[in-house]
Structure formats: structure tokens, C-alpha cells
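Dear colleague,

I am handing over the structure we spoke about, and I would be grateful if you could look through it with the notes that follow beside you.

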Protein chains: 4
Amino acid sequence: MTGVVERTPAQRHLYPRVVRFADVDSQGHVNNVRFLDYLEDARFGMFHIDPHNAGDEPFKGLVVTRHEIDYRRPLGFRAEPVRVETWVTEIRPVRFTLAYEIRDDEAVYVTATSVLAAYDVERAAPRRLSESELAYLKRFSA
Amino acid sequence: MTGVVERTPAQRHLYPRVVRFADVDSQGHVNNVRFLDYLEDARFGMFHIDPHNAGDEPFKGLVVTRHEIDYRRPLGFRAEPVRVETWVTEIRPVRFTLAYEIRDDEAVYVTATSVLAAYDVERAAPRRLSESELAYLKRFSA
Amino acid sequence: MTGVVERTPAQRHLYPRVVRFADVDSQGHVNNVRFLDYLEDARFGMFHIDPHNAGDEPFKGLVVTRHEIDYRRPLGFRAEPVRVETWVTEIRPVRFTLAYEIRDDEAVYVTATSVLAAYDVERAAPRRLSESELAYLKRFSA
Amino acid sequence: MTGVVERTPAQRHLYPRVVRFADVDSQGHVNNVRFLDYLEDARFGMFHIDPHNAGDEPFKGLVVTRHEIDYRRPLGFRAEPVRVETWVTEIRPVRFTLAYEIRDDEAVYVTATSVLAAYDVERAAPRRLSESELAYLKRFSA
């Protein structure tokens, strides 16, 4: 493989998410708004719970500044969790972009992207991402 | 008015929305997911409650296939409702696109667009928009 | 009026509540958990928005310490709001009890009671109700 | 052990529940309404997901007719799930009563009871609990 630079594929953050009774609306499928909860739960796992459990410092304040979300196929009640797969597609000094798939082994139900800005909650102002935050993001970036 | 084609500006659907206690998260602002509720409430007013109150037939089934949403400025607790303004930017035989602003007279907090597809709930299949649905959409279209 | 003590009936706080699309679950009725939102919205109107609009000081921190709630008849989609009627059944120096009916002119859907304790959010500790808070509560008490 | 009737303690259904970002309100604790979601999630696990995973028939329709819930101590963000423990305290032909504790090894945050009625969703009418439903309930009853 001389001369070939192999790019490591981005490591995806995997978050198993139960389909809750409350997620399913009167039309019998997980409601479009509720899928944003799935993304929030996955981010909370990725940026708060996982670093905490690993003994790392969790991320300081983050705010969502944009979402794009596409509903690709309906999801109904099921006993098995679905999987929120999350990875990082862009890193800037003060913000970054996430991509997601909500899926199982058979199908992708939702794809989405979010832009998150680093935010200083106490000063109510933007801030720069710290070195340790940037290093963590790079682990999920191609 | 010789030679001048005046375009009637799109009529916007106006939906006053109370900022609920449950909308505000631990960072002190309306949570990004909750704003999707504001859009859903406005659509439910526009496509079900208003037609019903006017003696018209409400829309048959609709499903959201895509959202884009930009969070432009934080919104906190307040006694006055905000206003969800909604209008139609594209109409196709089987789907249409909405644009929204969540705002008051001073500021715009959120802008968004949604693509909605006509859906036959009983057959669980796409359908075409009816004549009366198309006519209703045109009232909110430039 | 000799010998007759007339009791003024308690003034009830009236809060009109739209049945939101998100309130109705996959069984076609307003979900039991969502009715607690109706109670929260009514309390937020009663203790924050109404005093604010009247130029009074809103209540300081309150925390719910208990709910009892009975679901008397199912409620489905409807264009007309229901009414949350709230009144005060007991006042103590550090807590009070509310009773509610969620209803319209034809039927009562839910009855409930809540115990609320006065709470100092900054000190994270119980506190006594202020004179102006007690006076406000008495207006809704028999 | 002559003359001693030993009562088997009720087997409790155990449901681990993550504290979600959305559960925590602007006062910094899990909101009182959100705890009802914890109870619903635990019931959905107990009456639908667990029987499904065990190859048993899940429960037919159930409706909540009453909740009592006491908030005993505030719960904030945490990386570890809490545990919803659920057991059956009364069984009648058409309804049953559950008791719950939301807790961890150190403390009890919430205690509650719910009355659930067997409901025929298609006929929109009460029904009797089936033999297999009664047998399942007895496993969680003292």
C-alpha cells in the first residue's frame, strides 16, 4: 500500500435509545418532535455522561444554533432500542457540527445535523472551545 | 399602475404561543427541542383548529418529512405570548413547504422551514393534496 | 340575614387550555401524564403570569410536594380549549393545597389536588409564605 | 417453623431510568411532571417490553384512572440512572393498583401509587383482566 494514505473512518458515538410510549403520537409513529429528544439524549450521553464516567471533565456549556432533520421512514412501537449514531463533521474554534443517524441494523429512520456553539452560561456569552473539548471532538471526526 | 405587477405579499398565519414553564430548561432559556413544539402547535392551529372553526374541512393526514431550524436569539420566561408566523413557500401535488418565524414586535427568536407530505393514515401511504387543501395553502402563499 | 352565615364561594382561577396535538397519545386520548402539564400551565398562569400582568409581585419559588389526580373521562382532540379551574383548599405558613377541575360546560375530565411548599431557590431551603402571597391565596379560598 | 406462615415478599419490577437533560427544569431539579414519565416508562417496560422479550403476550389495553405521587427529595443531574421499583398492591377483576419507589441505593426521591383499569381499546370500553394478565400481576404482588 505504498503511497496510500488511509483515512481512519470517523468513530461514531453510539447511543441506544428506547422507544418510549410517550414518543408515539396519535398517528401511531414516533412523532417528529420527539426525534429531537433522541438527538438531545445522545448528545447528553456524548458530552456529559460518557466524559463523566471516563473521569474526564464534561463539556462546558453548549447551545444548539441550528438543526436539519430528515424523516426517512416511520418508526413505531418496538421492544428493541434504536441506535443514535453521532459523529463530528466540522470543528471551528467556537462551534462544531454533528451528523446523526437514528437507525438499527436494518434501516435508517432519521438523519440530521446540528450546529453547536460553545457558550459560557455564567457570562451568557459565546466562548472558545477548550483544548480538551477539541481533542474529544477529534475522536469522532474523520 | 401601468406595467407594474404587484405581488400580493403572502398572508401569514399568526399563532400566539405562551411560553410555558416546561419550555425553559436548566440553562434558563426555551429549550431548542421545545421550539419544535411551537411549530407543531402553530401547524395544528393552521391545519386543524382554524379550518374546523371556519366550518371548513380540516386537512387530512400530513406528515413532516424535513425541518430546518435556526436559533437566532435566546428566549426566556415572559408573561406575553410570542407569535408563530407561518406561510407557504412551495406547493407540489403531494407535498408543500412552510416557513416560520417565532417572534414578537421587537425580535425574531427562531426561523424555520418544514416540508410536509400528504399522507393517507388508513392506507399508510402517500396521497395527493385535495383541491380544497391546495386552495387553503394558496391563501398563505406569495 | 339574622342567624344566617353566608359563605362566599371560593373564587376559582380559570385557565383556558388548548388540547395540543402532542397531548394525545397512541390510544387517541389526552395522555395521563400530559394532564399534569395542564395543571402546571394553570399554576404558572395563576402564580406568575396573572400577578405579573396585574402589576403585582409574582410568587417566589414554589415546589410541588404531592399530587393526587383522578381521570374521570377520556378527552380527545377538539377545537375548543378546556378550562382548568383551580382553587385553594388549605393554607399553612409554609405550604398550601390546591384543588382543580379540568372541564368544560358539559363534563369534568380530571379532578386533582396538589400540595405546594414555599421554597427559597437560592438557599435551596423551605421558606415561609409572604404576606402578599397569603393574601393572594385567600382570594381563591372559600 | 410450625404455625408460621411466611409471606414471600413481593417481587419488585426494576426499571433503570436515565435522568434526561429534558427532565431538569429551570429550578435545577427533575420537574414534578417529568417523574410521571418515569412511572410511565417503568410501566411500559413491565407490561409491554418485558413480556414481549420473554415471549409472552403483552398486556392488552390499560388506562390509568388515578395517581398519587409524593416528592420526597429533589433529584438533579447525575450520570447514573435511578431505579423505578414497581409492585402490585391490589388486584381486582377489572383493575389493579401499583406502588412505586423512584430511588437509588442511598435515597428515595419519589413514592407513588397508580390505579390501572383494563380497557378494550377497540370497543372503547372496560374489560376484565385475562388469566395470563392476572398471573403476571401476581408475580409482583405480596
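In chain D of this model, which is a predicted one, strands S3(D) and S4(D) run antiparallel and are joined by 8 bridges. The two strands form a hairpin, with 3 residues between them, and one pair that you can pick out in the display is D:Ile91 with its bridge partner in S4(D), D:Phe96. S3(D) is also joined to strand S1 of chain D, residues 13-17, by 5 bridges, and these two strands again run antiparallel. If you would like a residue to start from on that side, D:His13 stands opposite D:Thr86 in S3(D).

The hairpin strands come up again with helix H2 of chain D, residues 131-138, in which D:Glu133, D:Tyr136 and D:Leu137 are buried. These three cover an arc of only 100° around the axis, which puts them on the same side of H2(D). As a general point, an α-helix has 3.6 residues a turn, so residues three or four places apart point the same way. What do the buried residues of H2(D) pack against? They pack against helix H1 (32-53), strand S3 (82-91) and strand S4 (95-103) of chain D, while the face of H2(D) turned away from the buried side carries the exposed residues D:Glu131 and D:Ala135.

Helix H2 of chain A, also residues 131-138, can be read in a similar order, and its buried residues are A:Glu133, A:Tyr136 and A:Leu137. Seen down the axis of H2(A), these residues fall within an arc of 100°, so they line one face of the helix. The cover over them includes helix H1 (32-53), strand S3 (82-91) and strand S4 (95-103) of chain A. On the face of H2(A) turned away from its buried side you will find the exposed residues A:Glu131, A:Ser132 and A:Ala135.

For chain A as a whole, there are 2 helices and 6 strands, and from the N terminus on the elements run in the order β-α-β-β-β-β-β-α. The C-alpha atoms of the chain fill a box of roughly 50 × 45 × 30 Å, taken along the principal axes. Of the 142 residues in chain A, 35% are buried. Among contacts in this chain between residues at least 6 apart in sequence, 64% join residues that are at least 24 apart.

I turn now to how the chains meet, beginning with chains A and B. This contact takes 16 residues from chain A and 16 residues from chain B. On the side of chain A that touches chain B, the elements that give two or more residues are H1 and strand S2 (62-71) of chain A, and S2(A) has the largest share, with 8 residues. By class, that side of chain A has 6 nonpolar, 5 polar and 5 charged residues. S2(A) is joined by 5 bridges to strand S2 of chain B, residues 62-71, and the two strands run antiparallel; within this pairing, A:His67 has B:Ile69 in S2(B) as its bridge partner.

How are chains A and B related to each other? Chain A can be laid on chain B with an RMSD of 0.0 Å by a turn of 180° and a shift of 0.0 Å along the axis, and the two copies are thus related as by a two-fold rotation axis. The C-alpha of chain A that is nearest the axis belongs to A:Glu68, at 2.2 Å from it. Since 100% of the interface residues of chain A are also interface residues in chain B, the copies meet through the same surface.

Chains D and B make another contact, which takes 7 residues from chain D and 7 residues from chain B. Sorted by class, the side of chain D that touches chain B has 3 nonpolar, 3 polar and 1 charged residues. A rotation of 180° with 0.0 Å of shift along its axis superposes chain D on chain B, with an RMSD of 0.0 Å, and in chain D the C-alpha nearest that axis is that of D:Ser26, 2.1 Å from it. Here too, 100% of the interface residues of chain D are also interface residues in chain B, so the copies meet through the same surface.

With best wishes

Note on methods. Residues are numbered from 1 along each chain as its sequence is written. Chains are lettered from A and ligands numbered from 1 in the order in which they are written. This is a predicted model: local features need pLDDT of at least 70, side-chain atom pairs count only at pLDDT 80 or more; totals for chains, interfaces and linings use all residues. A residue is buried if 20 or more other C-beta atoms lie within 10 Å of its own, exposed if 12 or fewer, and partly exposed in between; C-beta atoms are placed from the backbone. Helices (H or I, at least four residues) and strands (E, at least two) are DSSP runs, numbered from the N terminus. The arc is that of the directions from the helix axis to the C-beta atoms. Two residues are in contact if their C-beta atoms, placed from the backbone, lie within 7 Å. Ala, Val, Leu, Ile, Met, Phe, Trp, Tyr, Cys and Pro count as nonpolar, Asp, Glu, Lys and Arg as charged, and the others, Gly among them, as polar. Copies are superposed by least squares on the C-alpha atoms of residues with pLDDT of at least 70 in both. Two strands pair if DSSP finds at least two bridges between them.
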